[in-house]
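Biologist: I'd like a close look at one part of this model, and then how that part sits in the rest. Take your time with it and keep it informal.

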Amino acid sequence: MADPARSRFRRLVRLFGPAAGLVAVAVLFALLTGAPERYLSAANLRVVLAQTVIVGLGAIGMTLIMISGGIDLSVGASVALTSVIAALALRGGASPAAAAALGVAAGGAVGLVNGAAITGLRIVPFIATLGMLGIARGAAKYFAEEQTVNAPATWLNELAVTFPSRAWLLVAPGVWITLGLAVAMAVVLRRTVFGRHVFAVGSNEAAARACGIAVDRVKVAVYVVGGLLFGLAGVMQMSRLRQGDPTVAVGVELDVIAAVVIGGGSLAGGEGSVGGSMIGALVMSMLRNGCQQMGWPTYVQEIIIGVIIVLAVAADRYRASRAAD
Amino acid sequence: MALDGVDLGVRPGEVHALIGENGAGKTTLMNLLAGAFPPDAGSMRLDGRDYAPRDAADARRRGVAHIHQELSLCPHLSVAENVLLGAEPARHGMVDFRRMERRAAELLAELGRETLDPRRRVAELGLPDRQAVEICRALASDAKIVLMDEPTSRLPRDSVTRLFETIRRLRGRGHAVLYVSHFLEEVREIADRFTVLRDGRSVATGELAATTDDELLEQMLGRALGPRLASGRSDGSRRIGEALLEVEGLALPPELVSATLTLRRGEILGIAGLVGSGRTALLRCLFGLDRPAAGRIRFRGRDVPTDRLSSGRQIRRGLGYLSEDRQREGLALPMSIADNVTLTRLDTCSRAGWVDLSAQDVLSERAVRPLRVRSAGPRTPVHRLSGGNRQKVAVGRLLHQDPDVLLLDEPARGVDVGAREDIFREVAALAASGKAVLMVNSYVPELLDVCDTIAVMTRGRLSAPRAASAWTPESILEAAVGRG
């Protein structure tokens, strides 16, 4: 086999595990619900996809961050903050595009602060972003005056509707945006100098530094780009709820991290793929949706998702140890 | 002080060997040249211009590439990406992978490593290939000087031959190579000129062809080689008893190739050798921290199944271990002296899972008193103690554990003279009371002073133990550098 083909093949093999998990979840619930034609119907899949947008966008950013060896615990708080800011802007009379841009930019600003704290103050990412989790959540409540911010109806609300008015779109525009950004991020990570430097920093930071890579600048950029994506997720959240809610999206960061980990990402850095993370996000949406259709209480979903995360990582470790022998 | 006055001149197109005993300052000098930290005094010139690198990246830009013992590669990236890391051929921010792989293949071919596929992930490569990747990276950055710190210490012999071929090609292209090694025969094989470091000073430099091994050894030791006779060691007060620990052909490649020894009650057996020669691997295998790949261990005349070794089992059998790395492995720094001392045998001061704190204090005090630990009491956190006192706490833990066999790895590393005396006095007392001690020590005079028998580890092979009186500092050094 030719070598570029081999490396592409290996990449596909790495996606095989998460993809098999996705198929397993789909088949399992198709059987459990006893109505595969409903669970796997186009209408239900559209619902699942629309529900995946926020975690999916977050997972694109988190993939980048985790490959660089970092982590961001402030995703949920950023989503809440940016949803409030976008809603406030709309209420204040800003154009929908300007409001969305403001929300995304606010996410980027949060990421910039995270990156500055991590590189400038030498705080480990876990702690720096744990602090930001509180700060951003508090800021969201401050700006919203501790209540939801109703936003006037605009075309922004169209982004998240499950059945778009333009039927040829098939799925919510937010799904297409997520897909497009995922492809773009995959290209950035695989093909650009920046992307390879992100891998290098996560793989061996000292080596990257010795080779003249501006490690701190790479890290700041990683958190800013991640923040922009979390900001976009906030705008989607606002568009879905048609309001800015400072108490929304609590714990989303854990779903996002879980999606990346199920997709083959490692907390130790250097590993991960956007494709895998997207499959990971879908696995969790399919699970949630299936549990709902079964009428199971949410605690069952929580336990199942917890078990899946542990099994996914255990399977990955097992594969890695087999490969090392 | 690690370095105290070094003059060194390296010319283009030469392999310059830097030789000296453990702790002579070779690695410090390398780090200084590579920009890890600046010198307190003195100046460096590179290509006729002042050279004062700000950091490792700056040194690399100026043309000084450092090839570490612990290689600095990104395991998740491909060979080509590692070779050209930080200097990727790109267009509009997109990496030109085809050009990058072609360039890496060219560089690999120049080093005679064309069989290495530039698209392979570094994580899949073995050590010799990783080393080639790192040398290739030096070539890619157009390094004028390549610093190599003990590149062969963990390589099998056939890989050494290939590495030397690579180094000769570097030399042929006009690169200068500064080569650190302990091994004289290896230095003769690859290097043109040499500089000897001793106690942080450069004491001799010249052409290798015009210098004998004896002259080099004399410079390393700092005095004329005496007649190879016994060092006037006087002892004999201890009674050597029955065999406690018998080891046959123990191996854990690549560090440990083969070790055979017998350790008896009342005996202090010293293991000399160079850093990285496999001594620590031997102790770790014996204590169950690493699983040996081959060999037999007998304890008190009974076979110990090596496939089920664990440190917990070895402690219960009656072995104790002192790690060479007290910061990371030997001690729990934030915990108190009492906690650290009693950690291996908390059952002595606990009942039904409850620790009796006052009993713990008493036992801890009893263990460290003969060592004269200076502290505010048994509840003092260990990180507040000086290096010597920390080491005493680590030794105190062994006294409290009261094992029959003590495995000591560099028990006096980095401690002052007073603490050294306290520690060795206790070790001798333990042996006199019928314990057996296996001690790794890089400081030869100490070995000759303390041990009954000494064996020398060379490239993972342990020599047959001989009475300490049969060794001299010269013969130990010769054996360690592979010439005895």
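Which helix of chain A is A:Leu179 found in? Start there and work outwards, please.

Modeller: Sure, and bear in mind that this is a predicted model. A:Leu179 belongs to helix 7 of chain A, a helix that runs over residues 173–191. Its relative accessible area is 47%, and because the partly exposed class lies between 20% and 50%, A:Leu179 counts as partly exposed.

That leucine has nonpolar company. Together with A:Leu170, A:Trp176, A:Val183, A:Val187 and B:Met94, A:Leu179 makes up a nonpolar patch on the surface. The accessible area of the six together is about 540 Å². Helix 7 of chain A is the biggest contributor, giving 4 residues to the patch. Note that B:Met94 comes from the other chain, so the patch has members in both chain A and chain B.

That brings us to the interface. Chain A puts 25 residues into the contact, and chain B also puts in 25. The area buried between the two is about 2,000 Å², with 58% of it from carbon and sulfur atoms. On chain A's side, A:Arg191, A:Arg196 and A:Cys211 supply 26% of the area buried against chain B, more than any other three residues. Residue 191 is also where helix 7 of chain A ends.

A:Arg196 turns up again when you look at charges. The rule finds 1 salt bridge across the interface of chain A and chain B. A:Arg196 forms a salt bridge with B:Glu81, and their closest N and O atoms are 2.3 Å apart.

Now zoom out to chain A as a whole. Its secondary structure comes to 13 helices and 2 strands. The radius of gyration is 20 Å, close to the 20 Å from the globule rule for 325 residues, so chain A is as compact as a globular protein of that length. Its C-alpha atoms fill a box of roughly 60 × 55 × 35 Å along the principal axes. Of the 325 residues, 52% count as buried. Among the contacts in chain A with a separation of 6 or more, 78% are between residues 24 or more positions apart. As for the outside, chain A exposes about 14,000 Å², and carbon and sulfur atoms supply 69% of that.

Chain B, the partner, has 17 helices and 23 strands. Its radius of gyration is 25 Å, close to the 23 Å that the globule rule gives for 484 residues, so chain B too is as compact as a globular protein of its length. The C-alpha box is roughly 70 × 55 × 45 Å along the principal axes, and buried residues make up 53% of the chain. Of the contacts in chain B between residues at least 6 apart in sequence, 68% join residues at least 24 apart. Chain B has an accessible surface of about 21,300 Å², with 49% belonging to carbon and sulfur atoms.

Back to charges, since there are plenty: the count over all chains is 42 salt bridges. One of them pairs B:Arg193 with B:Glu14, at 2.8 Å from N to O. B:Arg193 sits in strand 9 of chain B and B:Glu14 in the segment before strand 1, so this pair ties together parts 179 residues apart in sequence. With the buried cut-off at under 20%, both partners qualify: B:Arg193 is at 10% relative accessibility and B:Glu14 is at 6%.

Another pair is B:Glu410 and B:Arg279, with the closest N and O atoms 3.4 Å apart. This one links distant parts of the chain, 131 residues apart: B:Glu410 is in the loop between strand 19 and helix 15, and B:Arg279 is in helix 9. B:Glu410 counts as buried at 6%, and B:Arg279 is buried at 5%.

B:Asp303 and B:Arg298 make a contrasting case, with their side chains meeting in a salt bridge at 3.6 Å. Here B:Asp303 is partly exposed at 47%, and B:Arg298 is partly exposed at 24%. Over in chain A, salt bridges with shared partners join A:Arg122, A:Glu205, A:Arg209, A:Asp216 and A:Lys219 into one network.

One last acid in chain B is B:Asp58, in helix 2. B:Asp58 counts as buried at 10% relative accessibility. Leaving aside residues up to four places away in sequence, B:Asp58 touches B:Ala52 and B:Pro53.

Definitions and conventions. Residues numbered from 1 in each chain as written. Chains lettered and ligands numbered in written order. Predicted model: local features only at pLDDT ≥ 70, side-chain atom pairs only at ≥ 80, totals over all residues. Heavy atoms only, no water. Patch = residues over 30% accessible without salt bridge, like charges linked within 9 Å, V, L, I, M, F, W, Y side chains within 5 Å. Areas by Shrake-Rupley, 256 points an atom, 1.4 Å probe, with all protein chains shown as cover. Salt bridge = Lys/Arg side-chain N within 4 Å of Asp/Glu carboxyl O. Buried < 20%, exposed > 50% of the residue type's maximum accessible area, 1.4 Å probe, protein only. Rg over C-alpha atoms; globule rule 2.2 N^0.38 Å. Contact = heavy atoms within 4.5 Å. Buried area = accessible area lost by both parts, 1.4 Å probe.
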